[in-house]
Structures are given as structure tokens and as C-alpha cells.
There are 2 protein chains.
Amino acid sequence: MARLGTSVEEPVRQRLLSAATRLFADKGFESTSVQEIVAAAGVTKGAMYHYFDSKDDLLHEIYGRVLRMQMDRLRHFADGEGTVAERLHAAAADVINTTVDNLDDSKIFFRSNHQLAPDTRKVVRAERRRYHERFRDLVLEGQQLGVFNTDVPAEMVVDFFFGSVHHLGTWYHPDGPLTGSEVGRYFADLLLRSLTPAS
Amino acid sequence: MARLGTSVEEPVRQRLLSAATRLFADKGFESTSVQEIVAAAGVTKGAMYHYFDSKDDLLHEIYGRVLRMQMDRLRHFADGEGTVAERLHAAAADVINTTVDNLDDSKIFFRSNHQLAPDTRKVVRAERRRYHERFRDLVLEGQQLGVFNTDVPAEMVVDFFFGSVHHLGTWYHPDGPLTGSEVGRYFADLLLRSLTPAS
DNA sequence: ACCAGCATACCGACTGGTCGGTCAAGAAGA
DNA sequence: TCTTCTTGACCGACCAGTCGGTATGCTGGT
């Protein structure tokens, strides 16, 4: 059992998670064999099946990490200070920033959803829904205060925006000309302007 | 040889394409076996390998169909009549409409990209890029005419918007309360407003 | 009218190989 | 000695693709 500061190396469980994340993002869940994962982590299958119930369980853990992190950050910005517009802008820019910082997780999240076992999928979907609802409530708050347009339902605005976030994994490259913060600002600007009354 | 109106049934090739589309969209490319596809189409493996070179080839054909259709429609709207804003709005609403009408194709398109053989993927990506460029040029045209905001690069606006289109397969249900046209109008409105100067 | 020759369309058993997962056994610290 | 962690050989299921074969019908020579 790894105690505090016992080993220089990452513990086996972490190494497996990291290796799996990289491989799943690169080649997809189904195209990655357990053998490849354990080889990349420098262990054998027995070790993997000691820490995880199945290949599916590994994927589920990756999902869990992302979901918890995103939810924590969203709550922090949504419940923070400032006007609704400021809080929504900050939350939107932040989710793009963290998505870009964890592009592999994001790719897996949006591409391998259908590979999860039905039960696991239900859990993930429920957690995802709560996240969306918190975001939607922010939009709703602005609409009720009269600072946002009401002609497009809040629910749809959220789906519209998260499509763009989802899509980042497809075109964004960390070594490209744009930083995550820049993309975050651009996208948050577009979102806010699409919600702001014309005159 | 099927002459005009000779057979009531769809020809085998079409049946295979349809069955594969449905199954790939439901369970993903890698999780669908050739055996399942031919069973759903009511033929055997021999028939499939008579019409297609490989399982990959089948996927490639599905991609080709979607790409050709989308490009044709975009050109029609982009080169049509009306102001830039009107043409962009029409093209944006239409791509959402056809995406909703062919949700299975769309799911496959955005989810199974990485399963294609490298060569095939290059071809698909190139065609996809041309599509994006045509769309971007529309935005650029509006920016140069001064009717659209210029603070966000046209390229980024396109990536922003197509993320939302991409995402449709995740949340839209044909038997839900919204028609494709309604979603198309909402999303096109959001896009146009995000491009329109505030005052 | 007939037949040989050939192409198209399709069948389904089979092959070589891969995969997720199991398990008996060993190493090492407490 | 007991527990925790790790090994690697192994199993049964499954999969993409192959191949020898059949049925049908068109074509041109007689």
C-alpha cells in the first residue's frame, strides 16, 4: 500500500489509468486491448485485474474523474460572485479551458459513451444531466432577470454550447497557434452574445 | 438483373448499407460484427464481400454518401439568393435539418472517424475540410461586408457551430417534442445573433 | 432453336488469429 | 505465517476475411 511519499514512481493503479486514458483517446476503447494497456503501464494483466473489475470498469473510472472535476469547477463559478452574465462567461470559458487541458479525457468522454455497460451508462448519464441542469439554471436565471434573450429555450442553449465543447477534441491541437484560454474567451464571447438582446 | 420496377425488394447492396448504418449507429463500428450486418440484411457473408472490399469499405461508403449530400446542399444554399445573413441562416438551418433526418449517418460520422484506415481517413478529412471552408467563406463574406462581427475569427465560428451540429446525435430524439426544423431555426438564430453587432 | 462459354450473384463452412478474463503460484513485507 | 500485490500461462468465445462451390442468365456461333 503506497504510503505518503513512499515511492518515486506513480503507483500501479495510477499508471494503468494514465496509460488507458492515452490509448483510449488515441485509438478508441474497442480498438485498445487490455494487453496494450498493461504493456504501456509496465505491468501484466493480473495486476490490472487486481485493481479493476473489468476493462469496462477502467473506462468507468476515467469517466468518474472527469465528471467530478467538471462538476466541482462549474459549482465554483456558478455560485461565485458577479452578475449572471459574468458568472456564465466565467463558467463557459473555464469548461473550455479544462477540456483543452484534458483533451484525452474529453475525447474518451464523448466518443466512447456507447461502449459502457448499460448500468454504468445510466449512472454516467444521470451525473451528466445534473451538470447540464446546473448550467441551464444559470441561463434561466439570466432569462428571468431579463438580461438574456428568452426566444430560445435555456435547455437548447446549453445543448448548443456543449456541442461546441464536445467538438474541441476533434479539431483543437495543443501545439497549434491558440491557447486554451484564447479559445475559451472566444467561445464564451460567442455564447454570451448569442444570449444578449440585440439593441 | 433488376430492370425498372422488376423487384419490390431493395437490392442487396442497399440492404447491406442500410443494415450497417443502423447497427453502426446503435453499437459502434467495432462492436458490430460482419455476421450481424449480413444477418440483418438477410444475406450471408459471401454476398457482403461480393459488393464490398472489407468492413472498412462499407463504412467508407456510408461516409461518402453523407459527405456528398451535405456538400451539395451547402453549395445550393451558399450560392443562392439573398443577403449573406439570409444565406448563412438558411444553410445553417438546413444542415441541422438534414442531420436530424439522417441521425444514424451523423452518429457514425462523428463517432467512428478514428476507425477508418489511415488512407481512407485522409480522403474523408480532405472532403470534410472543403465543406468547412465553404461555410467559413460565407462567414468571411459577411465579416468583410461589415454585417458580421470580426472579433472572433471565422474559422472559430465554424468550429463553434459545427460542434453543435455534431452534438445533435447525442441528445436529439426524433420522437421528442421538437421537430428538426424547430431545432434548425433555434440554432441558426443563435449563430446569426452571435455574429451580429450588438448595437 | 440450341448450346458452349463466361460473368454475375450469392452461399456457408472454415481458418488463423485476437480478445477479455481466470487462476494457481510466487514474492515480499509485517 | 498471513495478507497484499503481481506474474504469465491458459481458456473459451468470437471475429474478419477466404475459398470452393452453385445457380442463373446473357452472348454469339451454328
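Biologist: How many residue pairs are in polar contact between chain A and chain B?

Modeller: Keep in mind that this is a predicted model, and the tally takes just those pairs where both residues have pLDDT 80 or more. On that basis, the count between chain A and chain B comes to 14 residue pairs.

Biologist: Which helix supplies the largest share of the side of chain A that touches chain B?

Modeller: Two helices of chain A, α8 (154-171) and α9 (180-195), each bring at least two residues to that side. The largest share is 12 residues, and the helix it comes from is α8(A).

Biologist: And what sort of residues make up that side of chain A? How many are nonpolar, polar and charged?

Modeller: Let's start with how many residues there are to sort: 34 residues of chain A are in contact with 34 residues of chain B. On the side of chain A that touches chain B, they divide into 15 nonpolar, 13 polar and six charged.

Biologist: What area do chain A and chain B bury between them?

Modeller: Interface size is often given as the accessible area lost when the parts come together, so that's the number to look for. Here 64% of the buried area is on carbon and sulfur atoms. The total for chain A and chain B is about 3,300 Å².

Biologist: Which residue of chain B meets A:Arg193 in a salt bridge?

Modeller: The rule finds two salt bridges across the interface of chain A and chain B. In one of them, the N to O distance is 2.4 Å, and the side chain that meets A:Arg193 belongs to B:Asp151.

Biologist: Over to the DNA, then. Which residues come nearest to DNA strand D?

Modeller: There are 16 residues around DNA strand D, and both chains appear among the nearest. Of the strand's atoms that come within 4 Å of the protein, sugar and phosphate account for 64%. The nearest residues are A:Thr44, A:Gly46, A:Tyr51, B:Lys45 and B:Tyr49.

Biologist: Which element gives the most to the surface near DNA strand D?

Modeller: Both α3 (45-51) of chain A and α3 (45-51) of chain B supply at least two residues each. The residues of this surface divide into seven nonpolar, six polar and three charged. With four residues, the element that gives the most is α3(A).

Biologist: Which residue has a side-chain N or O atom 2.9 Å from a phosphate oxygen of DNA strand D?

Modeller: Some phosphate contacts use the backbone: a polar backbone atom of B:Thr32 is 3.3 Å from a phosphate oxygen, and a backbone N or O atom of B:Val34 lies 2.8 Å from one. The side-chain atom at 2.9 Å belongs to B:Lys55.

Terms used: Residues are numbered from 1 along each chain as its sequence is written. Chains are lettered from A and ligands numbered from 1 in the order in which they are written. This is a predicted model: local features need pLDDT of at least 70, side-chain atom pairs count only at pLDDT 80 or more; totals for chains, interfaces and linings use all residues. Side-chain values use heavy atoms; hydrogens and water are left out. A residue is near a molecule or strand if one of its heavy atoms lies within 4 Å of it. A polar contact is a pair of N or O atoms within 3.5 Å; within protein, one must be able to donate a hydrogen and the other to accept it, and residues adjacent in sequence count only if both atoms are side-chain atoms. Ala, Val, Leu, Ile, Met, Phe, Trp, Tyr, Cys and Pro count as nonpolar, Asp, Glu, Lys and Arg as charged, and the others, Gly among them, as polar. Contact means heavy atoms within 4.5 Å. Buried area is the accessible area (1.4 Å probe) that two parts lose on being put together, summed over both. A salt bridge is a side-chain nitrogen of Lys or Arg within 4 Å of a carboxyl oxygen of Asp or Glu.
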